[in-house]
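The following note sets out points for a colleague's consideration, taken in turn from overall confidence to individual residues.

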Amino acid sequence: MEAVTAGNVAGVTHSATKAKLPGALKQVAGASGNGLAMTGSGPIVVSSQTRFDLGFFTAEVSASISKIAGEQTLLSKGAGPANYLLHMSLSPAPGSVWFGQGSTGSIDGIAVDGKLVKPGAWQHWAGAWSATGRTLYLDGKSVAADKSRLAATLQKDGALAIGGGAEGSGKGAMTGGVDEVRVMSRPLQPDELLHYPPLTASF
């Protein structure tokens, strides 16, 4: 397991992970304890040993989006152009939220209506990929699924970017807050997902 807990001042809890934090670190009331404020200037970038291309993993994050606007990436992985995992395309509203693979102009994923995004509220998003397909969860409940097994084309190397595109790019940078990021090298069951009661947040 690789875990990144935004409430930790260093930004990480996994001993083999080092975080590169964009600008000054600002904490906010998170989904559980403290979270990190994302200002839209770029992601938090951490090293990652998880092989997403093997097709067995779960990526999850608690996020509070400050407003419905533009492209906002919760998690991405890989070198070069952003290799999105959990991504929001919210313009024009209501847009959509999807879990899958790809970058700008090339997307393969499962999506749900952007109306499910509640600005200012903490929501827990998770994507699980297994031998039988992939599932997108919101607050511990399945909201989309398919039988795709295309994860082999995902980047196997490169950093994990939280709140934006890969390698510290400003593409898809989100505004709001993130908390309790976790990546597992197996598909989790719904009762194993990190899920916290929604809280009101202000930034």
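1. Ser64 is a convenient starting place. Ser64 belongs to strand 6 and counts as buried because its relative accessibility is 0%. Its C-alpha atom is separated by 4.5 Å from that of Trp122, although the two residues are 58 positions apart along the chain.

2. On confidence, the model is predicted, and the chain has an average pLDDT of 74, with 68% of the residues scoring at least 70. Among the elements of the chain, the lowest mean pLDDT, 45, belongs to strand 1 (residues 2-4), and the highest, 93, to strand 13 (residues 141-146). The pLDDT is below 50 over residues 1-20, a stretch that nevertheless has 59 contacts in the model beyond near neighbours in sequence. Residues 196-203 also have a pLDDT below 50, and this stretch has 18 contacts beyond near neighbours in sequence.

3. As regards overall architecture, the chain contains 15 strands and zero helices. Of its 203 residues, 52% count as buried. Among contacts with a separation of 6 or more, 63% are between residues 24 or more positions apart. The exposed area of the chain is about 8,600 Å², of which carbon and sulfur atoms supply 54%.

4. The nonpolar interior deserves separate comment. In soluble globular proteins, nonpolar side chains tend to be buried together. The largest nonpolar core in this model has 32 residues, and those with the most contacts inside it are Leu74, Leu75, Met88, Trp125 and Leu136. Strand 6 contributes the largest share of this core, with five residues. A second, separate core has six residues, including Ala126, Ala128, Tyr137 and Met184.

5. The surroundings of Leu136 can be listed in more detail. Beyond its neighbours within four places in sequence, Leu136 is in contact with Leu86, Val97, Phe99, Ile110, Val112, Trp125 and Ala126, and also with Lys141, Ser142, Val143 and Ala144. One of these partners, Ala126, is a member of the second core.

6. Which aromatic pairs are found? A search of the whole structure finds three of them. One of the pairs is that of Phe57 and Phe99, which is edge-to-face because the planes of the rings stand at 75°, with the centres 6.2 Å apart. This pair links distant parts of the chain, since Phe57 is in strand 6 (residues 57-65) and Phe99 in strand 9 (residues 96-103), 42 residues apart. Both Phe57 and Phe99 are buried. Phe99 also forms an edge-to-face pair with Trp129, at 5.6 Å centre to centre and 65° between the planes. Here again distant parts of the chain are linked: Trp129 is in strand 11 (residues 123-130), 30 residues from Phe99 in strand 9. Both Phe99 and Trp129 are buried. Ring pairs thus join Phe57, Phe99 and Trp129 into a cluster.

7. Is His87 buried or exposed? His87 counts as buried because its relative accessibility is 1%. This residue is in strand 8 (residues 84-89). Its side chain makes a polar contact with the side chain of Glu71, at 2.5 Å. Not counting residues up to four places away in sequence, His87 touches Glu71, Gln72 and Thr73, as well as Ser96, Val97 and Trp98.

8. Gly35 is a further buried position. Gly35 is found in strand 4 (residues 34-39) and counts as buried because its relative accessibility is 0%. The C-alpha atoms of Gly35 and Ser62, which are 27 residues apart along the chain, are separated by 9.1 Å.

9. Several backbone features merit inspection. Ala93 and Pro94 are joined by a cis peptide bond, with omega about 5°, and Pro94 lies in the loop between strand 8 and strand 9. Asp139, a residue other than glycine, has a positive phi, near 50°. Asp139 is in the loop between strand 12 (133-138) and strand 13, and its relative accessible area of 24% makes it partly exposed. Glu180 likewise has a positive phi near 50° in a residue other than glycine. Glu180, however, lies in strand 15 (residues 175-184) and is buried, with a relative accessible area of 11%.

Key: Residues numbered from 1 in each chain as written. Predicted model: local features only at pLDDT ≥ 70, side-chain atom pairs only at ≥ 80, totals over all residues. Heavy atoms only, no water. Helix = DSSP H or I, 4+ residues; strand = E, 2+ residues; numbered from the N terminus. Buried < 20%, exposed > 50% of the residue type's maximum accessible area, 1.4 Å probe, protein only. Polar contact = N/O pair within 3.5 Å; in protein donor to acceptor, adjacent residues only side chain to side chain. Contact = heavy atoms within 4.5 Å. Phe/Tyr/Trp six-rings, centres within 6.5 Å; stacked < 30°, edge-to-face > 60°. pLDDT = per-residue confidence, 0-100. Areas by Shrake-Rupley, 256 points an atom, 1.4 Å probe, with all protein chains shown as cover. Core = buried A, V, L, I, M, F, W, Y, C linked by side-chain atoms within 4.5 Å.
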